[in-house]
Amino acid sequence: MLAPRPASLRSPAIHLLLTLLVFGCVLLRAVPAAAANGSTDAQVKAGFVYNFAKFTEWPASAFASPQAPIRLCLSGVDETQAKAFAGIAGRRVQGREVQIKRNPASAEIGECNILYVGDEEPKRAQAALQAARNANVLTVSDSDGFADSGGVIGLVYADKRIQFEVNLGAAQRAGLKIASQVLKIARAVKDNKG
């Protein structure tokens with residue numbers, strides 16, 4: 001007969017620590033692992049965004065109700081990226097269902113909880129940042145210099161894999177709290193108010 005595990009091993013803190021450890025390993029090896037299992041860069045980026053949502057805290061006012069979905073908006077993405085992000089539609093994050101809206105109008109961006117901006121048009125990234133400026137929106141993009149330009153999280157290629165940079169000033173301006181465990185594994189943490 002198996003002995004019961006000590007209460008300390010069943011605690012939420014231990015569970016969170018193990019989750020973060022797995023998250024860190026996945027992020028640090030994202031692209032090499034993608035090549036090995038056939039995932040595309042677009043799927044890896046969608047996975048990053050999904051995991052960022054798990055470790056971001058929005059103010060209660062960002063949602064209409066405790067059951068309201070997390071609205072993930074996609075701007076300037078191609079069909080391959082849209083298909084990859086569709087794989088996380090309907091999944092749950094922090095007890096909320098992920099709903100995806102593609103190509104929101106500027107007036108709708110403030111209603112998004114997460115805005116992923118594709119790298120097809122740098123001007124589109126800047127326009128999206130402007131539209132999200134005074135809202136509780138986690139902005140993510142792989143556009144060059146996105147975190148330096150005022151985006152919250154910029155995905156970058158470095159050391160033959162996808163990594164990320166976090167702009168704490170932009171996160172604070174958006175009223176968001178990024179878990180310290182995410183900041184520890186970021187390639188760079190900036191404090192640009194941009």
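I started at Gln163, which sits in strand 8 (strands are DSSP E runs of at least two residues, helices H or I runs of at least four, both numbered from the N terminus). This is a predicted model, where local features need pLDDT of at least 70 and side-chain atom pairs count only at 80 or more, while totals for chains, interfaces and linings use all residues. Numbering runs from 1 along each chain as its sequence is written, and side-chain values use heavy atoms, with hydrogens and water left out.

Buried or exposed, I asked of Gln163? Buried, at 12% relative accessible area (buried is under 20%, exposed over 50%, partly exposed in between, with a 1.4 Å probe and protein chains only). I then found its side chain reaching the backbone oxygen of Ala158 at 3.0 Å. Skipping neighbours within four places in sequence, I listed its contacts (heavy atoms within 4.5 Å): Gly154, Leu155, Val156, Ala158 and Arg187.

Next, the cores. I looked up the largest nonpolar core (buried Ala, Val, Leu, Ile, Met, Phe, Trp, Tyr and Cys residues joined through side-chain atoms within 4.5 Å). It has 41 residues, and Phe52, Trp58, Leu138 and Phe164 touch the most other members. Helix 3 gives the most to this core, eight residues. Apart from it I noted another core of twelve residues, including Leu129 and Phe146.

Last, the lining of the largest cavity (a set of points on a 1 Å grid over the protein atoms alone where a 1.4 Å probe fits but cannot get out; lining residues have an atom within 4 Å of a point). Leu129, Arg133 and Arg173 are among the lining residues. Helix 5 and helix 6 are the elements that give two or more residues to that lining.

Key. On a 1 Å grid over the protein atoms alone, a cavity is a set of points where a 1.4 Å probe fits but cannot get out, and a pocket is an open set with protein on both sides within 12 Å along at least five of seven lines; lining residues have an atom within 4 Å of a point. A polar contact is a pair of N or O atoms within 3.5 Å; within protein, one must be able to donate a hydrogen and the other to accept it, and residues adjacent in sequence count only if both atoms are side-chain atoms.
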